[in-house]
Amino acid sequence: MTETIRFFLPGPSYVTEDVRQAMTQPMQGHRSAPFKALYTSLAGRLQKVLRTSGDVMIATGSSTLVMESAVLSTVQSDVLNLTNGAFSERWHSISRSLGKSADKVAAPWGQAIDPDLVRTALSRKRYEAVTLVHNETSTGVMSPLAEIAKVVREESDAILIVDTVSSLGGAPGESEAWGIDIVLAGTQKALALPPGLAVFTLSERAALRAAKVPHRGFYTDLLRYRDKHREGGFITTPAIPLLYALDRQLDVIVAEGMEERWARHARCAEKTAAWAAQHGCEYASASDARSLTVSCLQAPAGVDPQAIVKGLAGRGYTIGGGYGDWKPTTFRIGHMGDIQLDDLNAM
Ligand code: PLP
């Protein structure tokens with residue numbers, strides 16, 4: 001990659017010129033043989049990214065569509081939402097808005113989800129599903145996904161549904177080896193693609209569970225996506241230009257390799273920590289739970305975080321402000337996607 005990046009939002013992230021150009025290719029029929037070949041090739045490469053030999057589906061919509069679809073498709077009544085920030089709270093809002101009986105294990109913002117608290121909650125009541133955000137983009141916190149998945153498996157028969165929106169492609173995550181039933185992510189974060197697509201897995205266990213859930217909707221029925229996927233295509237007309245972008249970018253991601261991509265994100269997180277120390281900014285997130293893809297920082301005493309965002313904008317850099325309840329007190333640097341160390345070095 002030779003492009004210099006000065007765009008450090010925690011999503012959407014920078015999209016290279018080559019990937020943007022890929023979207024200008026002509027349309028083709030989404031039930032045609034060439035399109036089916038494209039689809040099959042995308043789905044195969046996505047298995048490498050999501051680390052599974054199982055089905056990986058693509059939805060035309062943002063991540064929230066698949067969050068809502070996952071609850072609607074697999075839960076009849078009882079769901080446990082693990083919350084520690086704005087996006088994990090969204091799982092709770094979705095669950096309640098769908099009329100589910102939703103309980104919470106709530107960690108303070110800035111902290112990771114504690115697997116022991118999950119164990120306790122699961123020992124008290126049977127839940128059909130547990131929801132988690134792997135990487136809380138609002139606070140820059142990464143929860144211990146492998147440990148939580150192990151606890152959910154040991155303590156219950158609940159489906160584990162994980163939002164990896166801002167970690168997929170930027171931090172270690174093993175859909176199959178860690179036994180996660182539904183892993184979902186939008187493409188606009190560490191995969192460095194435009195917004196508008198979401199990718200997801202659906203384990204056999206989750207599919208069997210979904211088959212027993214009535215009224216899963218049409219556009220929201222993950223089983224329908226899975227069945228159409230097995231025929232080699234989409235449930236409806238997909239966003240074809242975005243798939244061209246995905247096609248181009250998957251080549252870049254697969255060539256880099258997942259382990260190297262994760263390692264590059266870890267180096268960029270370290271570089272950002274050095275920048276924060278140099279500028280007198282403390283992390284708002286707990287030191288043992290820091291995200292590899294987004295740093296959530298406090299401004300030095302007496303400095304408005306927005307002034308830092310504006311100051312960097314004046315020098316040509318885009319970073320993020322705070323999010324949700326932490327909007328007034330924090331700012332965020334996204335170091336995800338195709339960003340290289342040299343890009344951050346120059347900031
Ligand atoms: N989950 C996380 C962790 C996010 O960071 C975001 C968006 O920033 C979402 C969910 C919602 O994603 P979308 O806007 O693609 O629906």
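Hi all, this is a quick walk through the core, one strand, one helix and a few ring pairs of this structure. Keep in mind that it's a predicted model.

Let's start inside. The largest nonpolar core has 51 residues, and Ile58, Leu82 and Leu246 are the ones that touch the most other members. There's also a second, separate core of 30 residues, with Leu65, Met67, Val75 and Leu223 among them. As background, nonpolar side chains in soluble globular proteins tend to be buried together.

Two of those names will lead us on. Take Leu82, which sits in strand 3 with Asp78 and Leu80 on the same side. So how many of the six residues of strand 3 are buried? Six of the six, so strand 3, residues 78-83, is largely enclosed by the rest of the structure. In a regular strand, side chains alternate between the two faces of the sheet. Here both faces are covered: on the other side from Leu82 you find Val79, Asn81 and Thr83, buried as well.

What about the neighbours? Strand 3 runs parallel to strand 4, residues 101-106, and six bridges join them. Leu82 has Val105 as its bridge partner there. To get from strand 3 to strand 4, the chain goes through helix 4, residues 86-97, in a right-handed β-α-β crossover. Strand 3 also pairs with strand 5, residues 129-133, again parallel, over three bridges. Asn81 is matched with Thr131 in that one.

Now for Leu246, which is one of the buried residues in helix 9. Skipping its close sequence neighbours, Leu246 is in contact with Leu42, Leu46, Ile58, Leu193 and Leu197. Helix 9 covers residues 240-256 and reaches 25 Å from first C-alpha to last, close to the expected 24 Å. Its buried residues pack against helix 1, helix 2, strand 2, strand 10 and helix 10. Right after helix 9 comes Gly257, with a positive phi of about 90°.

Last stop, the aromatics: there are seven pairs. One is Phe35 with Phe234, tilted, at 6.3 Å centre to centre and 50° between the planes. Phe35 is in helix 2 and Phe234 in the loop between helix 8 and helix 9, 199 residues apart. Both are buried. Then there's Phe87 with Tyr323: the centres are 4.8 Å apart and the planes at 35°, so this pair is tilted. Phe87 is in helix 4 and Tyr323 in the loop between strand 13 and strand 14, so the pair ties together parts 236 residues apart in sequence. Phe87 counts as buried at 16% relative accessibility, while Tyr323 is partly exposed at 29%.

Note on methods:
Residues are numbered from 1 along each chain as its sequence is written. This is a predicted model: local features need pLDDT of at least 70, side-chain atom pairs count only at pLDDT 80 or more; totals for chains, interfaces and linings use all residues. Side-chain values use heavy atoms; hydrogens and water are left out. A nonpolar core is a set of buried Ala, Val, Leu, Ile, Met, Phe, Trp, Tyr and Cys residues joined through side-chain atoms within 4.5 Å. Buried means under 20% relative accessible area, exposed over 50%, partly exposed in between (1.4 Å probe, protein chains only). Contact means heavy atoms within 4.5 Å. Helices (H or I, at least four residues) and strands (E, at least two) are DSSP runs, numbered from the N terminus. Two strands pair if DSSP finds at least two bridges between them. A crossover is right-handed if, with the strands pointing away from the viewer, the path from the first strand over the helix to the second runs clockwise. The expected span of a helix is 1.5 Å times one less than its number of residues. Rings of Phe, Tyr and Trp (its six-membered ring) pair if their centres lie within 6.5 Å; planes under 30 degrees apart count as stacked, over 60 as edge-to-face and the rest as tilted. Lists of a residue's contacts leave out its neighbours within four places in sequence.
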